Amino acid sequence: MALKHDAGRGNPMPRWPLYILAALALAMAVFALIRFLPDRDLPVKGDAPDTDAPGLEQNNTPDQENVSGDEPQAGPNADVLAEADLLARGYYYDEALALLEGKEGDDIAAKRTEFEGLKAALVPYTGRYYHIFFHSLIIDTDLAFDNIGHSAKGYNEWMTTVSEFQKMLPLLLENDFVLYDITELVELDANGKAQPKQILLPEGKKPLVISIDDVNYYDYMKTDGFADRLDVDENGRVVTIVKDADGTEHATYDGDVMPILDSFVLEHPEFSFRGAKGIVAETGYAGAFGYRITDLDWFTPDEQKAMLAKVEEIAQALRNWGWQISSHSYTHNQYWNKLTITMDEMAYDTGRWKNEIEPYVGETNIFISPFGVHFGADEERFRYLIEEGGFNIYCPVGSNMNAWFEDDVFYMERLNLDGYTMIKHPERVSNHFFDPALVLDPARPPMD
Ligand SMILES: [Zn+2]
């Protein structure tokens, strides 16, 4: 049995105040730079408006609710109060209180009372689970929908555009969703049975899990208006590398779900429960994060070393910023889709992911099924995947977002928030989240 007996161990980063503060301070500095540097000598496009991305205008006016707290603070405690406020907005109440320890003043005392009140007001959440998923976002709709390369139909159905994703986030926040760490939804009891773990949130808030499938930047997408690969900036933050038509590369903060969500949470810490972001799902047959680490013999020894180190660096940066990484199978072969996968194929697929991807992206107990497939809980192939893969969170696709606990596995179905669902089944979105008409990209072609 390769099962992990503590589902909560998925995030290897200890969450102590120093780490949080360092990350927040760094994040604020980076954010301030991206936002307000008039002369952009950083290698980033950042939030600069792209001519062809209609959803970006909202990013040009910095939110009045600034990142250092709601009200301007003054006096000798101003800095510590601002830092503590930021922590408390992200539900780090104990850490915020710890920061005030040993400090004196009426303002400190009032803040302490406020944080203790907020902490006491957390209530057990008893409602349903929510899990939505995306693929890598379309940056350039002209290229994606030009029917050169991959078909426009496929992208129109299964993808979401940058502008759509950027418009969804404030709507999700307004509707009381809070990003929640999937590994904190389940725990194993003494007998190894998966059980719901208590969720504590402010009254009225709802936990939301987000995942992104196939964050591999496959070759077929390279000329269709997607990011080329991920990288890490000089401050340890994940960026998207985007190539212009002439091959010029830019590091951007708006080229896929991860950097966009990281920016949004910097502005709105209350959208993330204790730093949780989402799940980045990797296959293996084309490497990871846009680096062909499973075709190493195409490269020189130096290139091989650099690519493997880069994948490790990106994985660690993602985890530092609250992301989980999951397996999405190695092959993503049609034998999954048709459920014809044999035991031998399951062993091959699982073995290659364990041996060639996991050592670089890190251990995970989450499996996001290719094509969203379901297996019977007792099927031999499924048990092999769970036990040899070391997974106890299994996420297929299901528009009702059902979630259940059976034996040693937590099953969490996901709703695809893509063109197909938004256009063909808008009620699946509006029943829970928002009216898709508010976000749909006008650049999408008609869908038949
Ligand atoms: Zn997939």
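# Exercises on a predicted protein model

Among contacts in the protein chain between residues at least 6 apart in sequence, 71% join residues at least 24 apart. The model you are looking at is predicted. The chain has 448 residues, of which 43% count as buried, and it holds 14 helices and 17 strands. Let's explore some of them together.

## Exercise 1: the surroundings of strand 7

Find strand 7 (residues 206-213) and work out which strands it pairs with and why it is largely enclosed by the rest of the structure.

**Solution**

Step 1. Begin with strand 2 (residues 130-135), which pairs with strand 7 in the parallel sense over six bridges. To find your place, look for His 131, which stands opposite Val 209 of strand 7.

Step 2. Next, go to strand 3 (residues 177-179), which runs parallel to strand 7 and is joined to it by three bridges. Here Phe 177 has Lys 206 as its bridge partner.

Step 3. Now turn to strand 11 (residues 279-282), where two bridges make another parallel pairing with strand 7. Ser 211 has Ile 279 of strand 11 as its bridge partner.

Step 4. Finally, look at burial: strand 7 is largely enclosed because seven of its eight residues are buried.

## Exercise 2: a pair of helices

Decide whether helix 3 and helix 4 are roughly parallel or roughly antiparallel to each other.

**Solution**

Step 1. Two packed helices are described by the angle and the distance between their axes. For helix 3 (residues 93-100) and helix 4 (residues 106-120), the axes come within 10 Å and cross at roughly 165°.

Step 2. Angles over 145 degrees count as roughly antiparallel. Helix 3 and helix 4 are therefore roughly antiparallel. Their crossing is left-handed.

Step 3. Look at who meets whom: Tyr 93, Ala 96, Leu 97 and Leu 100 of helix 3 face a group in helix 4 that includes Ile 108, Phe 115 and Leu 118. The residues of this contact are seven nonpolar and three charged, with no polar ones.

## Exercise 3: a three-stranded sheet

Identify the edge strands of the open sheet with the order 8-9-10.

**Solution**

Step 1. In this three-stranded sheet the pairing is antiparallel. Strand 8 and strand 9 (residues 238-243), for example, are joined by four bridges, and Arg 229 has Ile 241 in strand 9 as its bridge partner.

Step 2. Strand 8 (229-232) and strand 10 (249-252) each pair on one side only, and they are the edge strands.

Step 3. With direction ignored, neighbouring strands of this sheet are turned by 40° against each other on average.

Step 4. To finish, find helix 9 (residues 301-320), which lies across strand 8 and strand 9 and runs at about 75° to strand 8.

Conventions:
Residues are numbered from 1 along each chain as its sequence is written. This is a predicted model: local features need pLDDT of at least 70, side-chain atom pairs count only at pLDDT 80 or more; totals for chains, interfaces and linings use all residues. A residue is buried if 20 or more other C-beta atoms lie within 10 Å of its own, exposed if 12 or fewer, and partly exposed in between; C-beta atoms are placed from the backbone. Two strands pair if DSSP finds at least two bridges between them. Axes are lines fitted to C-alpha atoms, for helices over the stretch in contact, and angles run from 0 to 180 degrees between N-to-C directions. Angles under 35 degrees count as roughly parallel, over 145 as roughly antiparallel, 65 to 115 as roughly perpendicular and the rest as oblique. A crossing is left-handed if the near helix is turned anticlockwise from the far one by less than a right angle, and right-handed if clockwise. Two residues are in contact if their C-beta atoms, placed from the backbone, lie within 7 Å. Ala, Val, Leu, Ile, Met, Phe, Trp, Tyr, Cys and Pro count as nonpolar, Asp, Glu, Lys and Arg as charged, and the others, Gly among them, as polar.
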